[in-house]
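The following note sets out several points on strand pairing, helix packing and aromatic contacts for a colleague's consideration. Please read them alongside the sequence and the coordinates.

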Amino acid sequence: MSLEMLADRVLERPASSPELSPMSADQNFKSQFLRVMQERGYIHQITHPAELDEAAAKGTITAYIGFDATASSLHVGHLIQIMMLRRLQQAGHKPIVLMGGGTTKVGDPTDKDGQRPLLTHDQIQANIATIKGTFERFLTFGDGPTDAVMVDNDDWLSKFGYVEFLRDYGVHFTINRMLAFDSVKARLDREQPMTFLEFNYMLMQSVDFLELERKHGCLLQMGGSDQWGNIVNGVELIRRVDQKPSFGLTTPLLSTASGQKMGKTVGGAVWLNADMRSPYDYWQFWRNTEDADVGRFMKLFTDLPMAEIARYEAMQGAEINEAKKVLANTATTLLHGADAAQAAAEAARVAFEVGSVSDDMPTHEVPAAELEAGIVLAALAADAGLAASRGEARRLAQGGGLRVNDKAETDANRAITSADLVDGVVKLAAGKKKIVLVKPV
């Protein structure tokens, strides 16, 4: 079966359509796994849905998602993939976390305008070491039939000889088909250069799936819809080379109700490691969810029962703020634990309802000598992550949106000095939801 024929076998998509259709909302699944995935909004596309449903209903299946180690922490944009593995395990199946020690050396070209900076082997392995702990919050690892395992594709990709790799796997891929994938086509249409190194990424990802099928009996690869082309390649490679069933499942790419990319904030990426984004800031991220997204995010990012989520979805007016707090508490508990979530919630209550400060609030340290001399408010607000730039900080101040020690400050050029310290800190706030304590060191 060709890749083109495989793509056509997805949820009754017309063969003439260049794009794949979203998951049908009325699809009747037998397996608990796919029923839960569907009702909570995870499914966008599936290859061979009836076959996958039958396999998941009949016994334990093994599935994987790959994560490249381009930074020392994953971010909230990865969270839906982590939750998919959690749902898989909750339904009695086995998750594999594939760390891309090998593929990170190449760089995924999907949805990128340029090549990612290439990291050294030591940098990649250091990133993997700091990322591992995040998965232990969401998955149970061990040697049992449904326990999660973590593997590194560098273990096999780095052992291939170049000629051997091309001979064994390159023969199964056509340049015509690869050029037709959206991730490649978009780069070329924008006249952005794409290196031959990046072009090999989709072959490497397909070989990952084949290796996991052979070593672990893995029959399902999951990922975001931007990975569809890469996933279909792997499905086809296994079916062609090993003549075994294999499947692909993707989620929709997430954006907020206002159209903003999920996890995009003024302060940058919403990192999952506590040393890169505090539990308080993480709690605040979820607390600031748009009203229209609360129910959807509860389904995707918490374990709250669907009936309880429906009750929160029905809330109107000021009540929705209570639902947002529930979302923040449950999402933060999953990642950082109940104690951290409770401390963050209390710190927020103290900050916004009482007007005081708490040790759990985010801090921004500045040299004591600089604070003694004076730091321009606009610069301080931008450096502390309250605004994306000094220009934005000035606009916030002009509109009355910047506060120093709970008092509105309209002069963005005003110098913040040690004279502004109250109990050893300067309390800066932007709007009603962002607070940072400036501490001299």
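**Notes on the predicted model**

1. Y282, F285, W286, F297 and F301 make up one aromatic cluster. The model is a predicted one, and 7 aromatic pairs are found in the structure. The ring centres of F285 and W286 are 5.0 Å apart and their planes meet at 75°, so this pair is edge-to-face. F285 has a relative accessibility of 14% and therefore counts as buried; W286, at 0%, likewise counts as buried.

2. W286 also pairs with F297 in an edge-to-face arrangement, with 6.1 Å from centre to centre and 90° between the planes. W286 belongs to helix α13 (residues 279-287) and F297 to helix α14 (residues 294-301), so the pair ties together parts that are 11 residues apart in sequence. Both W286 and F297 are buried.

3. Two arginine side chains are placed over aromatic rings. The charged end of R239 sits over the ring of F247, 5.3 Å from the ring centre. R311 lies over the face of Y312, and here the distance to the ring centre is 4.7 Å.

4. An open sheet of 6 strands follows the order β1-β6-β5-β2-β3-β4, and its pairing is mixed. Its edge strands are β1 (45-46) and β4 (149-152), each of which pairs on one side only. Between β1 and strand β6 (residues 247-251) the pairing is antiparallel, over 2 bridges, and I46 stands opposite L249 in β6.

5. Which strands does helix α2 lie across? Helix α2 (residues 32-39) lies across β1, β5 (220-224) and β6, and runs at about 5° to β5. Helix α12 (residues 228-241) also lies across β1, β5 and β6, running at about 170° to β6.

6. Strand β12 (residues 426-430) has 5 of its 5 residues buried, so it is largely enclosed by the rest of the structure. Its two faces are both covered: V426, L428 and A430 are buried on one side, and K427 and A429 are buried on the other.

7. The partners of β12 deserve a separate remark. Strand β9 (residues 402-404) is joined to β12 by 3 bridges in an antiparallel arrangement, with V404 opposite L428. Strand β13 (residues 434-440) is joined to β12 by 5 bridges, again antiparallel, and V426 stands opposite V438 in β13.

Definitions and conventions
Residues are numbered from 1 along each chain as its sequence is written. This is a predicted model: local features need pLDDT of at least 70, side-chain atom pairs count only at pLDDT 80 or more; totals for chains, interfaces and linings use all residues. Side-chain values use heavy atoms; hydrogens and water are left out. Buried means under 20% relative accessible area, exposed over 50%, partly exposed in between (1.4 Å probe, protein chains only). Helices (H or I, at least four residues) and strands (E, at least two) are DSSP runs, numbered from the N terminus. Two strands pair if DSSP finds at least two bridges between them. Contact means heavy atoms within 4.5 Å. Axes are lines fitted to C-alpha atoms, for helices over the stretch in contact, and angles run from 0 to 180 degrees between N-to-C directions. Rings of Phe, Tyr and Trp (its six-membered ring) pair if their centres lie within 6.5 Å; planes under 30 degrees apart count as stacked, over 60 as edge-to-face and the rest as tilted. A charge sits over a ring if NZ of Lys or CZ of Arg is within 6 Å of the ring centre and within 35 degrees of the ring normal.
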